[in-house]
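Let's take a walk through this one together. Have the sequence and the model open side by side.

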Amino acid sequence: MMPGHIVRFAVAIVAFAILARLPVGLDQAFQFDAALALIWGFGILSLVLLTGYAGQVSLCQATFAGVAAYGAGMTVSSMHGGYLLGIVIGVVFATILGVIVGLPALRLHGITLAIVTLGIALVFDRYVFQDHIFDWFTGGTGGWQVTSADLLGIKVDSSQHLLAAYDVLLALFCLVSVLMVNLHQSGAGRRLRAIRDSEVAASTMGVNLTRYKLLAFAMSAGIAGLGGSFYPLIAGSVSPQPFWVFTSLQLAAIGVLMGVRYVPAAALGGLFMAVVPDVLTRYGHGTFMNRFNYDISFDWFQIAVGVLLILQLILLPDGVWGDMRAKLLHARGAAQRKPAREAPA
Amino acid sequence: MSTFLAYTIIGLSLGGIFALAALGIVLIYRVTGVLNFAHGAMGMFSTFVAWQIFYGWPHPGLAPWAVTAEAITVGLLFAMVLGLVLEFAVFRWVRNRPQIVKAVITIGVLLTLQSTASLIWKNNQYHLPIYIAPQDWTRQVAGVPIGANYVVIVAVALGLAFGLAAFLRYTAFGRAMRAVSDNPTSASLWGVRVDTVGAVSWMLGSLIAAVAGILITPFINFDTTSLTLLIVDSLAAALIGGLVSLPLTVLGGFMLGLLETYPTIWIQSLGFPRLIALLVILAVLIVRSPRGLPGVAK
């Protein structure tokens with residue numbers, strides 16, 4: 001093991017230890033938010049791989065999560081499999097869909113790929129998740145109900161044992177995050193980044209475009225699916241609405257907003273996406289200083305996402321995390337230079 | 001046979017809407033290089049402004065046709081202002097950024113407009129459509145009644161398409177717009193005001209989107225999301241025209257309208273037409289050229 005690997009695993013374990021304590025003692029709704037934050041965190045993490053590393057645009061990441069959620073729900077409710085099997089099947093379904101979406105992406109990039117993936121998100125939202133032809137997969141109008149499950153001996157359900165689900169999700173999230181950073185440093189990561197910078201140059205240098213583009217889509221869909229497959233478990237049921245086309249657009253928007261090239265931005269984005277709407281609907285109405293009535297509804301969240309995205313793309317092209325990181329690195333560099341009295345470069 | 005004819009009429013009017021919406025997308029894309037994912041949302045917002053005037057405001061002593069005219073006028077004026085505001089507040093600042101960055105910004109615009117509208121007009125509420133033409137007017141053609149609204153849509157779509165083509169071809173400003181769409185730098189060297197041309201194309205594009213939005217209200221489940229998501233069908237029509245050609249775009253719009261309507265004779269499904277739109281998008285993108293579209297820079 002390289003020293004870098006050890007440091008990364010140590011950081012991940014410390015992060016897990018701290019974050020696992022965070023929602024303890026909060027009420028059930030906030031524990032749900034914490035778990036949901038990780039599910040959307042996986043969604044943005046998948047975008048970091050696909051867009052940040054490999055430079056492929058996608059507006060259908062919530063679709064991958066949704067397919068995995070329905071796959072897991074179907075396995076547990078209709079085939080009476082264990083939840084672990086449900087997660088595996090969900091991830092497999094999402095990965096297969098990822099490869100299918102990756103096929104047209106072999107010939108497309110940029111805005112045309114954005115159009116295709118938006119179309120896919122809309123087809124799944126309006127057709128696959130809602131049409132009666134697919135009732136075997138979606139469980140009909142009511143969706144699948146999942147009351148409780150056993151994950152490797154850990155009892156998990158959507159009411160009393162939400163924290164267990166959160167802990168499992170968090171452990172997986174930390175693990176996948178470390179693997180993502182390792183991927184970034186590896187040979188495969190360098191090839192993906194070469195594709196991002198220039199497909200022509202990458203293929204001239206001997207990068208197999210077909211293999212690595214499909215690999216990026218498959219891994220990305222698998223990561224989004226890993227988060228999504230936990231959704232029925234923490235919500236108790238699965239319905240089309242959480243995975244509709246606007247969630248995909250929000251994932252893309254928040255991913256870019258937070259900094260789509262950086263793994264920690266995914267955690268930040270997931271937290272933002274899960275907690276802010278709930279806080280708004282809970283505390284967004286009342287009276288300020290006994291005089292001004294205010295009523296900030298859920299809709300303000302998406303307005304904020306849109307406006308912040310526009311401002312960020314004009315002012316901070318590298319995203320919130322990217323900008324913070326650059327400032328920190330700059331400050332550290334300045335602090336290191338000072339004692340040596342070097343002229344600033 | 002009469003079923004077929006009836007569906008043809010529905011398909012043509014739906015196609016007229018797609019053609020209109022796609023025209024606006026192509027216009028903005030060619031002149032400013034922005035692929036506008038918020039086009040449906042812009043049309044939706046202006047349509048709801050017109051709807052608010054039509055149903056929400058008191059109209060003492062006005063004839064019904066005058067109320068319609070007032071609502072449409074205010075809606076279209078609002079659309080032009082919206083286009084201008086977006087150009088000045090957002091897109092002027094990102095003129096030289098990569099195409100995909102500009103496209104992602106339009107997603108921000110889409111999300112903002114969509115949730116502002118759902119904040120004001122509520123998302124799940126049933127909205128009455130705006131009728132342009134009298135509801136009771138029908139003509140029998142080969143045993144099939146044709147409502148006035150269908151005729152109006154097809155006429156407006158074709159009229160606007162030809163009008164826009166004539167404007168681009170025969171007026172000085174239209175020539176300036178074509179010059180900017182070919183090459184902004186050389187156009188500015190020839191004294192064309194690129195900023196003005198960009199602002200006008202945003203205004204015109206937004207106006208056309210609003211026309212499409214107002215015309216479609218009698219035919220769809222009229223709420224904030226369905227109009228916003230019309231963007232996928234409009235993009236499909238625009239892609240048939242290669243994002244550059246106006247005549248092919250209009251043709252593509254009508255074709256897509258028919259393609260989406262005929263299967264509903266056998267398949268009763270709200271979502272199935274979206275699948276057809278996606279298949280059309282894929283077919284166009286994969287058949288047209290190995291590296292995507294000719295007009296699409298990387």
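Here is a short tour of a surface patch, a glutamine and the cysteines.

First, the ground rules: this is a predicted model, where local features need pLDDT of at least 70, side-chain atom pairs count only at pLDDT 80 or more, and totals for chains, interfaces and linings use all residues. Residues are numbered from 1 along each chain as its sequence is written, chains are lettered from A and ligands numbered from 1 in the order in which they are written, and side-chain values use heavy atoms, with hydrogens and water left out.

Start on the outside. V88(A), V92(A), I96(A) and I100(A) make up a nonpolar surface patch, together offering about 330 Å² of accessible area (Shrake-Rupley, 1.4 Å probe, with only the protein chains shown counting as cover for residues). Of these, V92(A) sits in helix α4, residues 83-105 of chain A (helices are DSSP runs of H or I, at least four residues, numbered from the N terminus). V92(A) is partly exposed, at 40% relative accessible area (buried is under 20%, exposed over 50%, partly exposed in between).

Now look at Q312(A), which belongs to helix α14, residues 299-315 of chain A. Is Q312(A) buried or exposed? Q312(A) is buried, with a relative accessible area of just 3%. A polar atom of the Q312(A) side chain lies 3.5 Å from the backbone oxygen of V256(A). Beyond four places in sequence, Q312(A) also has contacts (heavy atoms within 4.5 Å) with residues including L257(A), P317(A) and D318(A).

Finally, the cysteines. C60(A) is buried at 0% relative accessible area, and C174(A) counts as buried at 10%. The disulfide count over all chains is 0, taking a disulfide as a pair of cysteine sulfur atoms within 2.5 Å.

Note on methods:
Patch = residues over 30% accessible without salt bridge, like charges linked within 9 Å, V, L, I, M, F, W, Y side chains within 5 Å. Salt bridge = Lys/Arg side-chain N within 4 Å of Asp/Glu carboxyl O. Helix = DSSP H or I, 4+ residues; strand = E, 2+ residues; numbered from the N terminus. Buried < 20%, exposed > 50% of the residue type's maximum accessible area, 1.4 Å probe, protein only. Polar contact = N/O pair within 3.5 Å; in protein donor to acceptor, adjacent residues only side chain to side chain.
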